[in-house]
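I opened my notebook to look up how two chains meet and what lines a pocket. The entries below follow the order in which I checked things.

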Amino acid sequence: MNEQERAEEHLKTIRRLMERATIYRAISAPTALVGGALSLVASFLTADGIPKRTQSNDSTNFFVWFWLLVLLLTAATNTFIIVLGARRRNEPVFSASMKAAFIALAPAFIVGGVSTLGGITAGADWDPSDSFQLGVTWAMLYGVGLLATSHFAPRSLTMLGWAFLLSGVAGTFGGSLLFRISPDFPDRGVALFMALTFGLFHLIYAACAWPRKGTAPEL
Amino acid sequence: MLDFDKLDKTIHEKGRLSIMTLLATKPSWPFQDLKAELKMSDGNLVTHLRTLHQGGYVAVTKAMLDRPQTSYSLTEKGRAAFQDYLRVLEQIVKAGKS
């Protein structure tokens, strides 16, 4: 290898390492573990809760507020972990990478918020199949949000984004088909969908992305 | 005509170049993060870091958090040397293409 080839190889190494070093994991493994576990619990509880409450006008609020609570607890966990990590690395909490991730995620979350407002204000007009559609919409928008971070996210997070997006697409078409076959499907279907996506996908991601650590030797 | 001797021999080694590159991306890197990112053995990484430290390119900080943590950062001299090294590399590549 001559000096020019070596120089080119070294420049490639520098570029690759710099790109890798600026990777930002918007969803940490512990956050995914907490979010996934909470989602499984919420799915289990709402699977029975929604059918019982469809007789009254607060069925919509029950579904939406329950899942908003899951989001809130998961977001609080993520914030806590980000602050701990920033302190450990002696870096500012609002790093440039975090701001970039926030900006990338914002459009999908804004649209998700607006879609959810419809669920909160629908009242008695809400149909159980609407809960399913809202869950599917959340999954697709969450997937789109994660994919928007893909130019600086690790591969596992990009794959998680695709998993949510494709599950949402499958849920949209598959759900419509199942509604025709089984009129009772939406009640349990939304719980199953949320358990598989927000529950199981997050747990798989947490297992793949869990940090492995040791101790630092002396120089 | 390019003088290849201009290339800083301390940096012109793949392991040390990788360390310098990572240190240039953030203010400080804990040892374990460097090790995980570069997939080097403890001994190999320590040897390269020692060489860079002795050359005055890398500063070492020891802190007591949950457990003892050793972090590394580029010194002013190290940052300037890395930038000079990059310039020479670019010149070599350009000269080869012209």
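I looked first at the area that chain A and chain B bury between them, which is about 2900 Å², with 64% of it on carbon and sulfur atoms; buried area is the accessible area (1.4 Å probe) that two parts lose on being put together, summed over both. I noted that this is a predicted model, in which local features need pLDDT of at least 70 and side-chain atom pairs count only at pLDDT 80 or more, while totals for chains, interfaces and linings use all residues. I also noted that residues are numbered from 1 along each chain as its sequence is written, that chains are lettered from A and ligands numbered from 1 in the order in which they are written, and that side-chain values use heavy atoms, with hydrogens and water left out.

I then looked up the contacts (heavy atoms within 4.5 Å), and found 24 residues of chain A touching 40 residues of chain B. Between these chains I found 1 salt bridge, meaning a side-chain nitrogen of Lys or Arg within 4 Å of a carboxyl oxygen of Asp or Glu, and it joins Glu9(A) to Lys14(B) at 3.1 Å, N to O. Helix α1 (residues 3–21) of chain A gives the most to the side of chain A that touches chain B, with 14 residues; helices are DSSP runs (H or I, at least four residues), numbered from the N terminus. I sorted the residues on that side of chain A into 9 nonpolar, 5 polar and 10 charged, where Ala, Val, Leu, Ile, Met, Phe, Trp, Tyr, Cys and Pro count as nonpolar, Asp, Glu, Lys and Arg as charged, and the others, Gly among them, as polar.

Technical notes. Helices (H or I, at least four residues) and strands (E, at least two) are DSSP runs, numbered from the N terminus.
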